[in-house]
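Let's take a walk through this fold together, stopping at a few backbone oddities, some helix packing and a handful of aromatic rings. Keep the viewer open and follow along.

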Amino acid sequence: MEKIHIFCDSAADLPREAAQKYGIDVIPVKVTHKGETFLEFYDMTPEAYWDLLDASDEIPTTAQITPTEVMACYQKAHAAGCTHVLGIIINAAGSGGYQSCCIARSMFYEEYGTDMQIELIDSETYTYIYGQVVLSACQMRDAGDAFADIVHIARARLKRCEAVMGVYTLKHLKKSGRISGGAAFVGEALGLKPISLVAAGSVQVIDKARGEKNLIPKVLEQVKKRVLHPEKQTAILLYGKIAPEKLNEVEQALREQIGFAAVECRPIGISVITNTGPQAFAVAYHGEQRPIE
C-alpha cells in the first residue's frame with residue numbers, strides 16, 4: 001500500500017492551517033535583513049514583512065533551501081515508512097531550490113537505496129500559484145488516489161497555470177536590480193506601471209499602464225484575453241500591501257466582468273515580494289495547456 005509524503009518550499013505561500021492539516025513539510029527560505037536572519041513561513045507573516053520592506057532602505061537577501069535541509073525531509077519520510085515522496089518547488093529558472101532537491105535525492109538514493117520513490121516537480125512559477133497545486137495533490141492523496149495519478153495531475157495543472165501581475169511603483173524593482181535606475185526614472189516620470197505575465201518559467205513584461213487608475217483595468221484586460229473557461233475556474237487574487245478598496249474592485253471584476261466561478265484571495269509572501277515590492281498584485285488562472293514533459 002502506498003504511503004505518500006508531500007513537501008514544498010516556503011515560497012509556495014501555503015496557508016499555515018492547510019500545511020498543518022495535510023502534514024506538508026514546508027522547507028523555509030532564509031531571509032537576511034540588516035544582519036538578522038529569519039525563516040520564511042515560520043518567523044514572520046507576509047503583512048509584517050511588507051511593512052519592513054516598505055520602511056527599509058535596504059533590500060533583504062534570500063537564501064534558497066539547501067540539499068541538507070531537503071535530505072532531512074527525505075529521511076523523515078523514510079523513517080515514517082513512506083513509500084513515495086512528492087516535492088513541488090519554486091521555479092527552477094529563478095531559484096536553485098529545485099536543484100537542491102535533486103542533489104538531495106541523489107544523496108538519499110546512494111545512502112538508502114531506491115525503495116522510496118521521490119518525484120520532484122519544477123513548478124515553473126511562484127507563490128500560491130503552485131501552492132494551490134500542492135494542496136490539491138494532498139487532497140488527491142487523502143482521497144486514496146494513486147501516486148502516479150497525483151504526479152500526472154499536478155504536472156498537468158502546473159502546465160496551465162499563469163498569472164498577470166501589476167506593480168504600482170518601480171522603486172523596489174530598481175533597488176533589487178530588476179530594472180535599471182534610468183528605466184525606473186523614466187517610468188516614474190511618465191507614470192508607467194509594468195504588467196507582467198508569469199508563465200512557463202519566466203516573468204515577462206507584456207503591457208504598461210499609464211497612471212495608477214489604469215493599472216487594474218489593464219491587468220484585467222490581459223487576464224480576460226488569456227484565461228480559458230473562467231466559469232469553470234477559481235481565480236487566485238494574490239496581493240501585497242494594496243488598499244482594500246482596490247482589491248475589492250479586482251475581485252468584483254473577476255466575478256462579474258470576466259465570469260470566474262469563484263475568487264480566492266491570498267497574500268504574497270517574502271520570496272516574491274522582495275523583488276516586486278509590497279505594492280503589487282496578481283491574478284492567477286488556467287490558460288492554454290503547455291506540453292507535459
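Start in the loop that links strand S7 (117-122) to helix H5, where you'll find Glu124. Keep in mind that this is a predicted model, and have a look at the backbone there: Glu124 isn't a glycine, yet its phi is positive, about 60°. As a rule, most residues other than glycine have a negative phi. Is Glu124 buried or exposed? With a relative accessible area of 17%, Glu124 is buried, because the cut-off for that label is under 20%.

There's another residue of this kind to visit. Lys34 sits in the loop between strand S3 (30-33) and strand S4 (36-39), and its phi is near 50°, again a positive value in a residue that isn't glycine. Lys34, though, has a relative accessible area of 55% and is exposed.

While you're in this part of the chain, step back to Lys30, which belongs to strand S3. Lys30 is partly exposed, at 28% relative accessible area. Which residues does Lys30 touch, once those up to four places away in sequence are set aside? The list runs through Thr37, Phe38 and Leu39, then Thr61, Thr62 and Ala63, and ends with Glu69. You can also check a spacing here: the C-alpha atoms of Lys30 and Asp43 are 9.9 Å apart, with these positions 13 residues apart along the chain.

Now back to helix H5 and its partner. H5 covers residues 128-142 and H6 covers residues 147-158; their axes come within 10 Å of each other and cross at roughly 155°. That angle makes H5 roughly antiparallel to H6, because anything over 145 degrees gets that description. The crossing of the two is right-handed. If you want to see who does the touching, look on the H5 side for Tyr130, Val133, Ser136, Ala137, Met140 and Arg141, which meet Asp149, Ile150, Ile153, Ala154, Arg157 and Leu158 on the H6 side. Sorted by type, the residues of this contact come out as 8 nonpolar, 1 polar and 3 charged.

Next, swing over to another helix pair, H3 (residues 67-79) and H4 (residues 97-112). Their axes come within 8 Å and cross at roughly 50°. So what does that make H3 relative to H4? The answer is oblique. H3 passes H4 in a right-handed crossing. From H3, the contact is built by Pro67, Val70, Met71, Tyr74, Gln75 and His78. Across from them in H4 are Ser100, Cys101, Ile103, Ala104, Arg105, Met107, Phe108, Glu111 and Tyr112. The tally for this contact is 10 nonpolar, 3 polar and 2 charged residues.

Some of those names come up again when you look at rings. Phe7, Tyr74, Phe108, Tyr109 and Tyr112 make up one aromatic cluster. Of these, Tyr74 is among the H3 residues in the helix contact, while Phe108 and Tyr112 are among those from H4.

How many aromatic pairs does a search of the whole structure find? It turns up 8. One to pull up on screen is Trp50 with Tyr239, an edge-to-face pair with 5.9 Å between the centres and 70° between the planes. Trp50 is in helix H2 (residues 46-55) and Tyr239 is in strand S11 (residues 234-239), so this pair ties together parts that lie 189 residues apart in sequence. Both rings belong to buried residues, Trp50 and Tyr239 alike.

Stay in helix H2 for a moment, since Ala48 is found there too. Ala48 counts as partly exposed, at 35% relative accessibility. Its C-alpha atom is 9.9 Å from that of Ile270, although Ala48 and Ile270 are 222 residues apart along the chain.

Finish at Ala199, in strand S9 (residues 192-199). Ala199 is buried, with a relative accessible area of 9%. Leaving out residues up to four places away in sequence, Ala199 touches Cys161, Glu162 and Arg290. The C-alpha atoms of Ala199 and Lys159 are separated by 8.6 Å, and these two residues are 40 apart along the chain.

Terms used: Residues numbered from 1 in each chain as written. Predicted model: local features only at pLDDT ≥ 70, side-chain atom pairs only at ≥ 80, totals over all residues. Heavy atoms only, no water. Axes fitted to C-alpha atoms, helices over the stretch in contact; angles between N-to-C directions. Helix = DSSP H or I, 4+ residues; strand = E, 2+ residues; numbered from the N terminus. Parallel < 35°, antiparallel > 145°, perpendicular 65-115°, else oblique. Left-handed = near helix turned anticlockwise from the far one by under 90°. Contact = heavy atoms within 4.5 Å. Nonpolar A, V, L, I, M, F, W, Y, C, P; charged D, E, K, R; others polar. Phe/Tyr/Trp six-rings, centres within 6.5 Å; stacked < 30°, edge-to-face > 60°. Buried < 20%, exposed > 50% of the residue type's maximum accessible area, 1.4 Å probe, protein only.
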